[in-house]
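Please load the model in your viewer and keep the sequence panel visible beside it. The stops below are meant to be selected one after another.

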Amino acid sequence: MRSAKHIFVIGRKNPDLDSIASCIGYAYLKNKISNSNEYIACASGSINVETQKVLSYLGAPLPNFITNLNLKVCDIMTQNIITVEKNAPITDVFKLMLKKDLRIVPIVDEENKFCGSIDMLDIARKSISAIIPDIFRKIKTKVSLIAKSLDGKILNDPFSDEEFVANVILGTMDADSFLEEIQNFDPQNVILIVANRHDIQKKAVEIGVKCLIISNNAKPSKDIIDLAKKNQVAIILSSYGSFATAGLVEWSAPIFTIADKNPSTVQEGEFVKDIKEKVYSSKNRAIVVLNPFGNILGIITRTDIIKYSKRQVILIDHSDSVNAPEGIFESEVLEIIDHHRLGDIKTPNLTRYRIEPFGATATIIADEFFKNNVIPEKKIALLLASGIIVNTLFLQPDKTCDYDLKMLQWLCEKASIDYQTFSLQIRNIINT
């Protein structure tokens with residue numbers, strides 16, 4: 001599941017109060033009228049003391065700081081992904097992948113740290129190995145995992161769910177042949193699958209195999225169960241036939257036994273342009289994203305990169321590359337709002353330009369609120385008002401147009417304060 005797309009509302013390098021106020025105000029407005037995207041106010045340079053004083057006085061939020069607009073992995077990765085614990089049986093993970101249509105599933109250890117991944121190719125390799133015509137197969141598993149894979153019933157488990165490695169043998173031969181074959185193995189390392197063959201069941205328990213699995217739901221006699229308890233032999237009842245049971249037993253192994261234990265990973269803070277080829281050349285066109293502590297944050301796929309190849313930005317109070325962060329020409333500029341002359345930033349996509357001959361960009365932003373019938377909350381209204389006041393040098397006639405005054409009055413009315421009184425307050429704050 002992906003979070004809302006982030007769109008950066010970003011001001012000029014060396015921003016003044018008008019620039020910062022306009023970024024914060026416009027991001028606030030866009031978030032009010034947007035149903036899907038998240039707009040983030042940003043500054044691409046340090047905030048001067050004058051602006052910091054006003055922000056502190058009004059209790060307004062500081063904008064994010066960004067100097068490079070190139071997309072990072074964390075900007076486009078798929079989040080809230082499904083993971084599996086390393087000891088989960090293969091059957092459970094396979095069912096999960098089919099149900100959720102997953103191409104890759106990260107695996108975590110007991111501390112929830114990333115330790116590997118599994119994909120359908122790994123599952124396919126396991127499937128092929130399960131049908132090789134060899135009656136002897138070795139797996140690493142637990143009694144509880146076997147029972148879970150078989151939807152079976154444990155009749156005896158003397159091992160307290162310890163993990164063990166054992167050969168899987170199908171008891172399809174006669175009792176004498178079974179005894180001859182079993183001599184090739186340590187009985188304590190054997191999982192025997194047998195149907196309703198009391199003679200083989202008894203001999204297997206007598207020699208002390210690790211685990212006896214009885215297929216076709218053929219319940220053993222009380223004598224067999226009692227002997228199994230005495231000789232410490234696990235017994236599991238399966239409702240499946242012997243060959244189906246054998247396949248499911250192999251798939252009872254922990255998923256980590258067939259996982260890719262050293263897959264490629266990327267860090268959340270890496271630039272997409274730097275890891276693009278790594279993703280494209282990966283086995284599943286998908287790579288797990290980690291934080292510096294080894295925790296899984298998400299997955300980045302080829303589709304993510306193609307769909308979200310550029311950062312989307314709105315430029316406020318400037319329209320030239322000199323005042324923009326690095327990567328502006330690799331970004332998608334959605335809007336440019338400014339009260340200066342049009343700069344050198346040209347865009348190949350459809351971009352909304354609004355350039356007005358006002359005394360402050362904050363006047364334009366106030367007008368955007370007005371035209372969208374959105375009333376700003378008090379601190380946003382006063383922040384925009386302070387941007388107009390300071391950028392017009394406290395409303396000097398040669399720096400202020402009629403519309404600056406109109407929007408200033410409108411903002412202050414919404415904040416229940418006289419604009420001249422507020423202008424004096426801002427002057428005192430700046431001069432202290």
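What follows is a tour of a predicted model, going from a pocket to salt bridges, then to backbone angles and a surface patch.

**Stop one: the largest pocket**

Begin by selecting Thr78, Leu102, Arg103, Ile299 and Thr301, which lie nearest the centre of the largest pocket among the 15 residues that line it. The space in this pocket comes to about 320 Å³. If you colour the lining by class, you should find 8 nonpolar, 5 polar and 2 charged residues. Which strands each supply at least two residues of this lining? They are strand 5, residues 104–108, and strand 15, residues 296–301, and it is strand 5 that gives the largest share, with 3 residues.

**Stop two: the loop before strand 5**

Now select Asp101, which sits in the loop between helix 4 and strand 5. Its phi is near 55°, a positive value in a residue other than glycine. Asp101 counts as exposed, because its relative accessible area of 70% is over the 50% cut-off.

**Stop three: a bridge between two helices**

Stay with helix 4, which spans residues 90–100, and select Asp92 in it together with Lys148 in helix 6, residues 143–150. The two side chains meet in a salt bridge, with N to O at 2.9 Å, and the pair thereby links distant parts of the chain, 56 residues apart. Both ends are partly exposed, Lys148 at 46% relative accessibility and Asp92 at 24%.

**Stop four: a bridge inside one helix**

For a salt bridge with another arrangement, select Lys222 and Asp226, whose closest N and O atoms are 2.8 Å apart. Both residues belong to helix 9, residues 222–231, and are separated by 4 residues, about one turn of the helix. Is Lys222 buried or exposed? At 61% relative accessibility Lys222 counts as exposed, whereas Asp226, at 35%, is partly exposed.

Before leaving helix 9, select Asn217, which is placed in the loop between strand 11, residues 211–214, and this helix. Asn217 is not a glycine, yet it has a positive phi of about 55°, and with 43% relative accessibility it counts as partly exposed.

**Stop five: a network of salt bridges**

Next, select Lys30, Glu335, Arg352, Arg354, Glu356, Asp367, Glu368 and Lys371 as a group, since these residues are linked in a network of salt bridges. Within the selection, zoom in on Arg354 and Glu356, whose side chains meet in a salt bridge at 3.0 Å, N to O. Arg354 is classed as buried because its relative accessible area of 8% falls under the 20% cut-off, while Glu356, at 22%, counts as partly exposed. Should you wish to display every salt bridge in the model, the count comes to 18.

**Stop six: a nonpolar patch**

Finish by switching to a surface representation and selecting Leu342, Tyr353 and Ile355, which form a nonpolar patch with about 260 Å² of accessible area together. Where does Leu342 lie along the chain? Leu342 is in the loop between strand 17, residues 332–338, and strand 18, residues 352–355. Its relative accessible area is 47%, so Leu342 is partly exposed.

Methods: Residues are numbered from 1 along each chain as its sequence is written. This is a predicted model: local features need pLDDT of at least 70, side-chain atom pairs count only at pLDDT 80 or more; totals for chains, interfaces and linings use all residues. Side-chain values use heavy atoms; hydrogens and water are left out. Patches are made of residues with over 30% relative accessible area and no salt bridge: like charges are joined within 9 Å, nonpolar side chains (Val, Leu, Ile, Met, Phe, Trp, Tyr) within 5 Å. Accessible areas come from the Shrake-Rupley method with a 1.4 Å probe; for residues, only the protein chains shown count as cover. A salt bridge is a side-chain nitrogen of Lys or Arg within 4 Å of a carboxyl oxygen of Asp or Glu. Buried means under 20% relative accessible area, exposed over 50%, partly exposed in between (1.4 Å probe, protein chains only). On a 1 Å grid over the protein atoms alone, a cavity is a set of points where a 1.4 Å probe fits but cannot get out, and a pocket is an open set with protein on both sides within 12 Å along at least five of seven lines; lining residues have an atom within 4 Å of a point. Grid points are joined across faces, edges and corners, and a volume is the space filled by probe spheres set on the points. Ala, Val, Leu, Ile, Met, Phe, Trp, Tyr, Cys and Pro count as nonpolar, Asp, Glu, Lys and Arg as charged, and the others, Gly among them, as polar.
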